[in-house]
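Here are my notes on the model you sent over. Have the structure open while you read, and start with how the two halves meet.

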Amino acid sequence: MNLNLALLQKFERGLDPQHPERSAIPATILGYGEISTVFAIQADGWRDLACKRLPLFDRQAEVEKYRAAYDAYNRLLEEQIGLRLPPHTGACVENRLGRPVFYIIQKQLPAASIGHHALHTLPTPDILALVERVLQELRKVWKFNRAQDRVQVAIDGQISNWALDDPRPVYLDTSTPLFRVEGVEQLDTELFLRSAPSFLVWILRLLFLKDVVARYYDFHRVAVDLVANFYKEQRADLIPEVVQIVNRFFQDQAAALGIQPITEKEVRDYYRDDALVWSLYFSMRKADRFLRLRLLRQTYPYILPDKITR
Ligand SMILES: Nc1ncnc2c1ncn2[C@@H]1O[C@H](COP(=O)(O)OP(=O)(O)O)[C@@H](O)[C@H]1O
Ligand SMILES: [Mg+2]
């Protein structure tokens, strides 16, 4: 990718995190994650890209470590496992306070092709076919993991992380490069706690971090998460059929992996807990933003969506 990085630097300097569309160089938001915001920067040469902004770093050395993990993870997925990724690169710029901000830059894919949009536009048989095609991609990860025990790769299979494309879905969400080499996590998972209000960090570390990370190494749990997402996307009506698709897949095409079937109850319970945790977490972050911006008159580096429906 041939990019004008000076423009990205200018974009970051002029970014209004609370109102990105009013920034010096305006941007539209393509998506929100728990830690990143995905922008389309409205400038020549940038409009057809998706820029994922990660404001998590205190020091340049942290960015370099993250970038090494990010690059290695992308290579594993693309070259060793055989997933399709959008063309991508990364770039580090400095924010107004001189702190490093890392951007993942990918080719932008059409909004209508992203999984959660597809859930609202495609006829049911096509949605079920998409789920099956996603499972076929995921299976490659666990085939790789089972074939050797030096490197273990994790993946977040949820539907919003895939773009429908021929011949196979494209995986978008590489900003959390979780993989272990000889049992050692290559990503500094403490980075995830950076965006959390300081009064929550210790409890998140204690209660959730290990469990949340472990989830993405487990095909059964990744499948439960994928199905539970249909609640969040307001397509709970499809869950019984999607559970069937998953279980048929585990029984037939993934038989060699010996994955336990999932149940609707398991999906429901998981969703209830997960939604509760995240909505609580999100309200805490809003309270924290209010505290820092309005009461303490500090800056607030993260970008929060106005409302997340669950
Ligand atoms: N390359 C892309 N093209 C178009 N939209 C994208 C692209 N990458 C991400 N998005 C949008 O942003 C959302 C969040 O991106 P994702 O990579 O999944 O980050 P997160 O880790 O924050 O979930 C996606 O669900 C999608 O809607
Ligand atoms: Mg995602």
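1. Keep in mind that this is a predicted model. In the contact between the domains, 24 residues of domain 1 meet 21 residues of domain 2. On the domain 1 side, the elements giving two or more residues are β3 (49–54), α2 (60–81) and β5 (100–107). Helix α2 supplies the largest share of that side, with eleven residues.

2. What about the chemistry of that face? By class, the side of domain 1 that touches domain 2 has 15 nonpolar residues, along with six polar and three charged ones.

3. As for the bounds, domain 1 covers 1–108 and domain 2 covers 113–298. Their C-alpha centres sit 21 Å apart.

4. On overall shape, the radius of gyration is 19 Å, which agrees with the value near 19 Å for a compact globule because the protein has 310 residues. Along the principal axes, the C-alpha atoms fill a box of roughly 55 × 45 × 40 Å.

5. The fold comes to eight helices and ten strands. Of the 310 residues, 29% count as buried. If you take contacts between residues at least 6 apart in sequence, 60% of them join residues at least 24 apart.

6. One residue to click on is Phe208, in helix α5 (residues 198–215). Is Phe208 buried or exposed? Neither, quite: Phe208 counts as partly exposed because 15 other C-beta atoms lie within 10 Å, while a buried residue would need 20 or more. Phe208 and Val224 are 16 residues apart in sequence, and their C-alpha atoms are 17 Å apart in space.

Technical notes:
Residues are numbered from 1 along each chain as its sequence is written. Chains are lettered from A and ligands numbered from 1 in the order in which they are written. This is a predicted model: local features need pLDDT of at least 70, side-chain atom pairs count only at pLDDT 80 or more; totals for chains, interfaces and linings use all residues. Helices (H or I, at least four residues) and strands (E, at least two) are DSSP runs, numbered from the N terminus. A residue is buried if 20 or more other C-beta atoms lie within 10 Å of its own, exposed if 12 or fewer, and partly exposed in between; C-beta atoms are placed from the backbone. The radius of gyration is taken over C-alpha atoms; the globule rule is 2.2 Å times the number of residues to the power 0.38. Two residues are in contact if their C-beta atoms, placed from the backbone, lie within 7 Å. Domain bounds come from an automatic or database domain assignment. Ala, Val, Leu, Ile, Met, Phe, Trp, Tyr, Cys and Pro count as nonpolar, Asp, Glu, Lys and Arg as charged, and the others, Gly among them, as polar.
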